[in-house]
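Open your viewer and get ready to click along. We will start with the whole chain and then walk around one helix.

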Amino acid sequence: MKSVKAPNSDVTFEKQLKAYQKRISNILESFTDAFFEVDSDWTVIYWNKEAERILMMPRKNIIGKNLWEVYSDAIPLKFYKEYHRAVAENTAVRFQEYFEPHQLWFEVAAFPSGEGLSVYFKDITAHVNATEQLEKEKQRYIDLFNLSPLPQWVYDKETLAFLDVNEAAIKFYGYTRHQFLKMNIGDVRPLEDWDVQQEEVIKALNMGDIGQSITRHCKKNGDLVYVTVESNEVQFNDVAACLALVIDRTEQIRAEYALSRSEQRFKAMVQNGSDLITILDAKAVYKYVSPAAMAILGVDPEQLLGKRLFDFIHPDDRQETQRSFDRIKEHKQIHLHSFRFKNKQGDYRWIETIITNMMDDPAVQGLVCNSRDITEDIENKRKIAESIGRYNIVSKATSDVIWDWNMETEGILWNKGLKEVFGYDQTENNRNWFLERIHPEDLTMVLREFKLLTTNKKTRLKLEYRFRCADGIYKSVLDRSFVVFDTKGKPTRMIGSMQDITERINHTKAIEAQNSQLRKIAWIQAHEIRAPLARIMGLVELLQGYSSDQVLKEYIAHLKSSSDELDKVIRSIMKNADHQSLD
C-alpha cells in the first residue's frame, strides 16, 4: 500500500513568514518617524525610507554594517550610552541629542526587540531652534527691564497701580516686589505732595503728554529723594499702561545747598574732629592747635601755641622723632615714627602723626599735622603678645592648631601649632588670610556653616575641610570652634582648634576605592555571563515549541531548569553588586 505524502509544511511556513515580514515592512515604511533596527552585534538589519532621508544614508550602504563603525561620531554622545543602557537593562529609553555632523537635533525612542534594538527618531531641529530663539528674544526684553541700572516700573494708566518693577527699583526704594505690586505710584510720594502730583499726572495722561516730571519720592525707610520720572505709554498684558524710568536727582538738587555749607562743615570737622590737627612752622613751633587737643591730651590748645613739639616728647623718643621730622624738607608728606607725648597730668600718651608740607600754600604757610592717640593700640599689642605666649604654652600640651578670631577687628591669633602643622611662621594674620588657604571646593561650605552658626546664635561648630600648608600641599583638618556673643547677641569672637586628620581621611578613601573596585569586578563578571545565558534561555524557549519527541522534550526541560537556576545565581550576584554600589 502506497503512503500518502503530506503537504510540504516548510514551504507553507516560509510563505507565511515572508507575508508577515512584508506586512511589517509596509508598516515600518509608512511611519513618519525614521526607524532602524540592529541585532545583538549592532549590525543594522533594517533601515526605513525616513531614516534614509533624514540621515542621507541609503539603506544599501548601511544594512549589514556595524552601526558604530558607520557612525563613529555618535559614540561620545548620548546615542551610544543610551542604546547600550537599553540593551543592558532591557528597558526602553527616550532622549534628545544634537548630532554635529548633520547639525541636527534628534528626539529618539529605543527599546529592546528580539535579539537586538529597535530605534525610532525624528528631526526636531526646527522646534529646538525656534524654542531657543523665542527664549533669547524673551530674555532680551526681560534683561532690558530687569538689568537696567536705573529704577523702572510699569503702572496701570487708569488706576496708577504698579504692574511690574525691576531690581534697581526694588533696591532703590527698599520695597519687595510683592509689596510694590500691592501699591500705586501715589504710595511712593510724600502725603503732602500727593494732591498736587496726582492732578498733574492725571492731566498729563488725559493730554497724552507723558514726558518728564521732577518730584519727591519717599523710600520705605522714610528717606526723601528728588527724582526725574520719564514715562511712555505701553501695552502690558493687554492693559493700557505706562513704562516709567526713574532718575535720582537728589545729589544734583542738593549740590548747591551742600556747596554753600562746605566751608562750615570743614571748619566743624577741624574744630571737633577726633584727630588732633595742628600747624607747625619749620622749627616745629605750634602755630595752630585744634580744640581736639583738650579731648585727646587734656591740654588747652592755647597752652601749646608758641611752644615746640619736641618739648612734650618723651626723652627716649626725641632723637628718632627728630630724624623723621627732618625728612619733611625732602618729602611732601611723612609719617612720623610713633612717640610718647606728655599730657596735662604729666602722663605720656602714644601719638601717631602724619605731616603734610603746606609751606607754599598762602592760606596755611606751615606743616599740617594730623595726630591721633594710639595708646590703646599699643596696649592691645602688648596684650596680644601675652595672648600669643599663653597660646604657645597650650600648644606644648596639644598637637592641635589653636586660633582666636576677633570678629570686630578681623584679626586672628595662632599658637605655634600653625608652624608645626602647616609650616607658617607668623602667629598673627586676618580673616582673608585664613579663608584664602581653605580649599576652593570647601570654602563655600565653611562660609555657609560660619554664617548659620552666628545667625542661629549657636556657640559650637565642628567642620572637616582642607587647609593649604606653606608648601602648597593641602591637609585635611577637623576644626572644632565656639563663638562668643555680646549682650546684644552680636558675635564678637570665635576660637577654634584644628586637628590634622589627613592620614585618617586618606586611609578611609583607600578603603572606599578598594570596595568600589571589587563592586565593579563583580558587576562586570555577572553581566558578561548573563549575555550568553540569555541566548541559551531564548533558544530553549524556541525548541520547546518545535519539538514533538518525548525524550528530547525531557532533555530540553532539564536544560531549561538548569539555565533558570544559573539565571537566578547571576541575578543574585548582580543584586549583591548593586547593593554594594548603593552602600
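Two residues are in contact here when they have heavy atoms within 4.5 Å. This is a predicted model, in which local features need pLDDT of at least 70, side-chain atom pairs count only at pLDDT 80 or more, and totals for chains, interfaces and linings use all residues. Residues are numbered from 1 along each chain as its sequence is written, and side-chain values use heavy atoms, with hydrogens and water left out.

Begin with the full chain in cartoon view. You are looking at 18 helices and 22 strands; helices (H or I, at least four residues) and strands (E, at least two) are DSSP runs, numbered from the N terminus.

Next, select residues 78-89. This is helix H4, whose 12 residues reach 16 Å from first C-alpha to last, close to the 16 Å expected at 1.5 Å a residue. The expected span is 1.5 Å times one less than the number of residues.

Which residues of H4 are buried? Show the side chains of Phe79, Glu82, Tyr83 and Ala86 to see them. They sit on the same side of H4, because they cover an arc of only 100 degrees around the axis, taken from the directions from the helix axis to the C-beta atoms. Buried means under 20% relative accessible area, exposed over 50%, and partly exposed in between (1.4 Å probe, protein chains only).

Now turn to the other side of H4, where Lys81 and Ala88 are exposed.

Turn back and add the cover: strand S1 (34-38), helix H3 (67-70) and strand S3 (93-99) are among the elements over the buried residues of H4.

Last stop: click Asn90, which follows H4 and has a positive phi, near 55 degrees.
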